[in-house]
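The following exercises are to be worked through with the sequence and the coordinates at hand. Each task is followed by a solution in steps.

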Amino acid sequence: MAPHSPGTDQIDTLLVIGFIAAAIVVVVINVALLYAVRRYRSERGAEPRQISGGRGIQFRVAGVLTLFAAVVFVLGIVFTDKARETPATGDAGLASLKSAPLEIEATGQQWLWRYTYPNGAFSYYKLVVPVDTEVKLKLVSTDVVHTWNVPDLAGKYDAVPGKVNDVVFRANDEGSFEGASATLSGQAYASMRTEIEVVSPDEYEAFVEKQKNEIEEAQERVVGLIENGEVP
Amino acid sequence: MSESPRPELIVDGFPRKRAHWIELATSGDHKDIGRILVSGALGFLFIAVIELLLMRLQLAIPENKFLSPVGFNRMLSLYGGTGIFFFALPLAIGLAYYVAPLQVGARGTALPRLGQTGLGLWVAGAVVLYSGFMWTPTEAGVNPFAPLTETAFLSNNGVDAWATSVGLATLGFVLISIDLLTTLRNMRAPGMAWRRVPIFAWGATVGSWLMLFIGAVFLAALTMLMIDRNYDGIFFADGSGGAPLLWQHFSWIFFSGTYMLVLIFAFGAIAEIVTAFSGKPLFNRSAVMISLAAIAVIGTLAWMQNMYTAPIGIGWKYFAMLMSLALIVPVGLVVFNLIATLVGGVLRMRAPLLFAVGALSLISIGLAAEIQQSLVAAAWDIKNTTDATAATHFTLIGGAVFGGLAALHYWFPKMTGRTMGETLGRISFWTLVVGVLVTFVPLAFAGYDEGQVIDAYKFFAGSGVDAYNLIASIGAFVLFAGIVISLVNAIQSRVSGPEAGHDPWGGDTLEWFTLSPPEPHNFDVLVDVRSPRPMRDIREAIAHRTASAELPVRESEPVA
């Protein structure tokens, strides 16, 4: 993952914290194990020491472990909260939005993502959003559980039928970011990918306008064909 | 009826012995049932690793066409079902059902027919899963989420076969757990208070309680799924009041509990081995006992750790994170006390101890990776990536394969009267260590660095994970070789291994007091238990009483 949004910056930091915590655990346990196994390998004449520990040492060890767990827990909460706070639309973002985020509906269906923009236009597979703008994806599903996942811009979230799950993010940079669904959803699950193209606000507005017009044209053309009797 | 006087004692003679396999199949003896479960579990280990190998072959190169998408999903579902319900759980429960009653000095189990029924249900489950393989196996995944499992999306009988199969197996485990629990509560030898119960038997007690709770939850969920699929139910279907998330809650309670159950049994077996092979008492027994119970409770309460991406309130996610991280304390205490037991001991580095130390090492890696997975925002990135696959596999291979093989090497002499080959054991150990590391370390990196998603039948060229996947697939072959070597070792040793004495390791617990293999009634004499190490007390008493009392007991090297 290469973070390109304020939220994923925090996620990245927390990942590093988690990695350090995990590394500490792995190193401490394995060094202790290796030391014990090498140092106390049986020798002639050696007698095992019949000691069985006491309360004092248990409480000390438990205290250290509790402290470690508590520190990791607090850091987990702090950075998760930071990751959930997406800053409002910035200066380079979509000017027409003052405080409210740009709401886009993301519908998971076997095996495609459909994005519906505020003006009624929609697109499949590819989502176009303006840079530096607070975007709120409303994840829904028409069939089974899908996990929306574009790691460079936001965390993973599930689209569960009958529920709405919000994903809020703000892209720092223009560019194209890919993602793959992350919950087994049937045969073509591996191909259920998506792409987010982050563009300037002007390009975004041009895109949704063009998309809307093209959809309307296509609709009129279909109606026309049927009325002219060119398709049965 | 005639009024003729009847003799007070009628001797009909002993019932005729039937063929060996009939005796075994109809036996209510916990040792026979345990042996069947353990051998069956080892057979399924072989099948599971073949399924893993086939999936890794498909994922060796990008956009491979070795398996079809549906074929891969079926393999995946079978692998999960086999690994959990027909390898890890029956191995743990089978070993416990064999050993724990012996350890507490019981002459049998309290409700043998329950255990026998349990075994029958488990066998039926295995038959259903693999006969389903011949027509339409399930393709819904390891933990098949509703509503993918609803008939609207998977209309063939695969999911029904899966639900029936794992349901039968789970019901079997529950019945065996009831018998085990009743036995361990009521039939301990005189003087064996809970504080003197061998730690593996204590693990079996905790694990059986856990199975009663999670088994009930899972059976309910499976029943609801079957009603949904076959009787127009709407429990997990969206709309008209159904809730797909309900399935996730129920199933994750079960699978988190199962994870803990495997850990608890592994820790119990490792504790027995570590004490026997260091010649020391378990460091701080009471803390280990309390910790094992705490792992069962806290670990299962962390079930929503698997649902960080689901639409549930953030408070629930923080609760799950709290429980997951709280688990550091009891698990840390157990690991600390196990290592502290090694310290100051005189370690005989035989295969059981080797596997036990390897198990601890792998479990530490897996659970450390789970710390990272437990941090809510971090999990938003690495959940459902191959990093999570790797974490789960490190813990479960550490617990069930390494812990299971450690326990098998340790109790094999008791179960068969023969010792498992040491050389093959060592070769298998190092092959398995290399196999696990080469398979799952690259997968962890593929998930952590590149976000490769789980359960996908293919990955695309240019996504930066080609090398990781190729190395992992090579590692799977090494893993396969290691498991085959251990299974060959077990079969060969069963037939022609060196004969073991009744107490080959100089163990401290009562199973070493009886014959190898034990008679159907387990013990001719029951001992008075005065400490957590009754066998050591017996050896010391004998040494004390013999004329040559100046000879220290420890001088007598084990037979094998």
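**Exercise 1.** Which residues does B:I270 touch, not counting residues up to four places away in sequence?

*Solution.* The model is a predicted one. Contact here requires C-beta atoms, placed from the backbone, within 7 Å. Once residues up to four places away in sequence are set aside, B:I270 touches B:L338, B:A356, B:A359, B:L360, B:G403 and B:A406.

**Exercise 2.** Place B:I270 in the largest nonpolar core and state which helix gives the most to this core.

*Solution.* Step one: the largest nonpolar core has 254 residues, and B:I270 and B:A406 touch the most other members. Step two: helix α7 of chain B, residues 244-278, gives the most to this core, with 23 residues. Step three: the core also draws on chain A, taking at least three residues from each of domain 1 (6-42 + 51-84) and domain 2 (102-227). As background, nonpolar side chains tend to be buried together in soluble globular proteins.

**Exercise 3.** Describe the secondary structure and overall dimensions of chain A.

*Solution.* Step one: chain A has 3 helices and 10 strands. From the N terminus on, the order of these elements is α-α-β-β-β-β-β-β-β-β-β-β-α. Step two: the radius of gyration of chain A is 27 Å, whereas a compact globule of 232 residues would have one near 17 Å. The C-alpha trace of chain A spans about 105 × 45 × 30 Å along its principal axes. Step three: 38% of the 232 residues of chain A count as buried. Among contacts in chain A with a separation of 6 or more, 72% come from residues 24 or more positions apart.

**Exercise 4.** In what order do the 3 strands of the open sheet in chain A lie, and how does helix α3 of chain A run relative to β4(A)?

*Solution.* Step one: the strand order in this open sheet of chain A is β4-β10-β9, with mixed pairing. Step two: β4 (126-130) and β9 (175-180) of chain A are the edge strands, each pairing on one side only. The twist from one strand to the next averages 20 degrees. Step three: β9(A) pairs with β10 of chain A (residues 193-199) in the antiparallel sense over 6 bridges. Within β10(A), A:E195 is the bridge partner of A:E178. Step four: helix α3 of chain A, residues 201-227, lies across β4 and β10 of chain A and runs at about 135 degrees to β4(A).

Terms used: Residues are numbered from 1 along each chain as its sequence is written. Chains are lettered from A and ligands numbered from 1 in the order in which they are written. This is a predicted model: local features need pLDDT of at least 70, side-chain atom pairs count only at pLDDT 80 or more; totals for chains, interfaces and linings use all residues. Helices (H or I, at least four residues) and strands (E, at least two) are DSSP runs, numbered from the N terminus. The radius of gyration is taken over C-alpha atoms; the globule rule is 2.2 Å times the number of residues to the power 0.38. A residue is buried if 20 or more other C-beta atoms lie within 10 Å of its own, exposed if 12 or fewer, and partly exposed in between; C-beta atoms are placed from the backbone. Two residues are in contact if their C-beta atoms, placed from the backbone, lie within 7 Å. Two strands pair if DSSP finds at least two bridges between them. Axes are lines fitted to C-alpha atoms, for helices over the stretch in contact, and angles run from 0 to 180 degrees between N-to-C directions. A nonpolar core is a set of buried Ala, Val, Leu, Ile, Met, Phe, Trp, Tyr and Cys residues joined through C-beta atoms within 7 Å. Domain bounds come from an automatic or database domain assignment.
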